[in-house]
Amino acid sequence: MLNVFKDILKHRADYLRAETGEHFEDRFEHKLRSEGYSPILKRDISDADFRVIKDFIVQKQNADFLKFKKYPLSFIRGPFGSQNYPDFIIFTGKYAVPIEIKYSKESQTKPFWNSGIPRANGIYIFGSYKKGDITFFLGRDVLNKDRRTALIKFFEEMKNKEKQFEKFDKKGLPDTEKRGFMPYIRRAYDQQKISKDVELNYFSHPQREKIEKNVIITIKKMQ
């Protein structure tokens, strides 16, 4: 897996030939295969193992990587569904490592997060086709634990208020028009210029090289 990320740094242009996220994932998968990693499917993993893997990886605040010695030198693509985190799980023989692809065919300089807050132990690859650049980082290097906790808690509280409104609606707010209007809280995260020192561009960010090196160091420790 280490050689895959080193290759991204050395041959960015090759990966950026992909016009869509799916095409980029294809290129990433091709490189994994060339490094001796074999694709497996969900049905190749026992139900018990799959539960252990999923329960661990979907935790938003878990900063550790799952120690997992089974299915060495293999990977599964879209393990929890094509629209769900992560895009890949790579089995190194020692760990199960989640990889999330954030790729845009436009000139984006920061990822779209939507409802998927950066996971502390996720390795993210962000590329922009029209911008012609690609980088990678650990989720915990772009969002610290305390701020992640506050963001998660914010929507939990909003959802509770939504439920409270539903209870109140039944008692004191008759729907005389029979139209069914209700609050709907959609979870979504974004990055905004909240202060002068905030740098939203992942490609020109002063810490870019540092956090790319941190990914390499982290992967070396899991070899």
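Ser46 sits in the loop that links strand E1 (38–39) to helix H4 (47–57). This is a predicted model, so every value here is computed from predicted coordinates. Ser46 has 34% relative accessibility and therefore counts as partly exposed, since that class lies between the 20% and 50% limits. A polar atom of the Ser46 side chain lies 3.1 Å from the backbone nitrogen of Asp49.

Now to the strands, starting with E5. Strand E5 covers residues 95–104, and 10 of its 10 residues are buried. In a regular strand the side chains alternate between the two faces of the sheet. On one side of E5 are Tyr95, Val97, Ile99, Ile101 and Tyr103, all buried. The other side holds Ala96, Pro98, Glu100, Lys102 and Ser104, and these are buried as well.

Which residues of E6 point each way from the strand? Ile123, Ile125 and Gly127 point one way, while Tyr124, Phe126 and Ser128 point the other way, and all of them are buried. Because 6 of the 6 residues of E6 are buried, this strand is largely enclosed by the rest of the structure.

The pairings of these strands are set out below.

| Strand pair | Sense | Bridges |
|---|---|---|
| E2 (residues 66–67) and E5 | antiparallel | 2 bridges |
| E4 (residues 88–91) and E5 | antiparallel | 4 bridges |
| E5 and E6 (residues 123–128) | parallel | 6 bridges |
| E6 and E7 (residues 133–138) | antiparallel | 6 bridges |

Some individual partners help you find your way through the pairings in the viewer. Leu66 has Ala96 of E5 as its bridge partner, and Ile90 has Val97 of E5. Between E5 and E6, Ile101 is partnered by Ile125, and Lys102 stands opposite Phe126. From E6 onward, Ser128 has Asp133 of E7 as its bridge partner.

Two of the antiparallel pairs are also hairpins. E4 and E5 form a hairpin with 3 residues between them, and Gly93 in that turn has a positive phi of about 105 degrees. The hairpin of E6 and E7 has 4 residues between the strands. There, Gly132 takes a positive phi near 70 degrees.

Asp133 also leads us on to a helix. Besides being the bridge partner of Ser128, Asp133 makes a side-chain polar contact of 2.8 Å with Arg208. Where is Arg208 placed? Arg208 belongs to helix H6. Is Arg208 buried or exposed? With 12% relative accessibility, Arg208 counts as buried, because the limit for that class is under 20%. Setting aside neighbours within four places in sequence, Arg208 is in contact with Arg12, Asp133, Ile134, Thr135, Tyr202 and Phe203.

One last stop is on the surface. Leu173 lies in the loop between helix H5 (145–172) and helix H6 (208–221). Its 34% relative accessibility is why Leu173 counts as partly exposed. Leu173 joins Phe165 and Met182 in a nonpolar surface patch, and together the three have about 230 Å² of accessible area.

Conventions:
Residues numbered from 1 in each chain as written. Predicted model: local features only at pLDDT ≥ 70, side-chain atom pairs only at ≥ 80, totals over all residues. Heavy atoms only, no water. Buried < 20%, exposed > 50% of the residue type's maximum accessible area, 1.4 Å probe, protein only. Pairing = 2+ DSSP bridges. Polar contact = N/O pair within 3.5 Å; in protein donor to acceptor, adjacent residues only side chain to side chain. Patch = residues over 30% accessible without salt bridge, like charges linked within 9 Å, V, L, I, M, F, W, Y side chains within 5 Å. Areas by Shrake-Rupley, 256 points an atom, 1.4 Å probe, with all protein chains shown as cover. Salt bridge = Lys/Arg side-chain N within 4 Å of Asp/Glu carboxyl O. Contact = heavy atoms within 4.5 Å.
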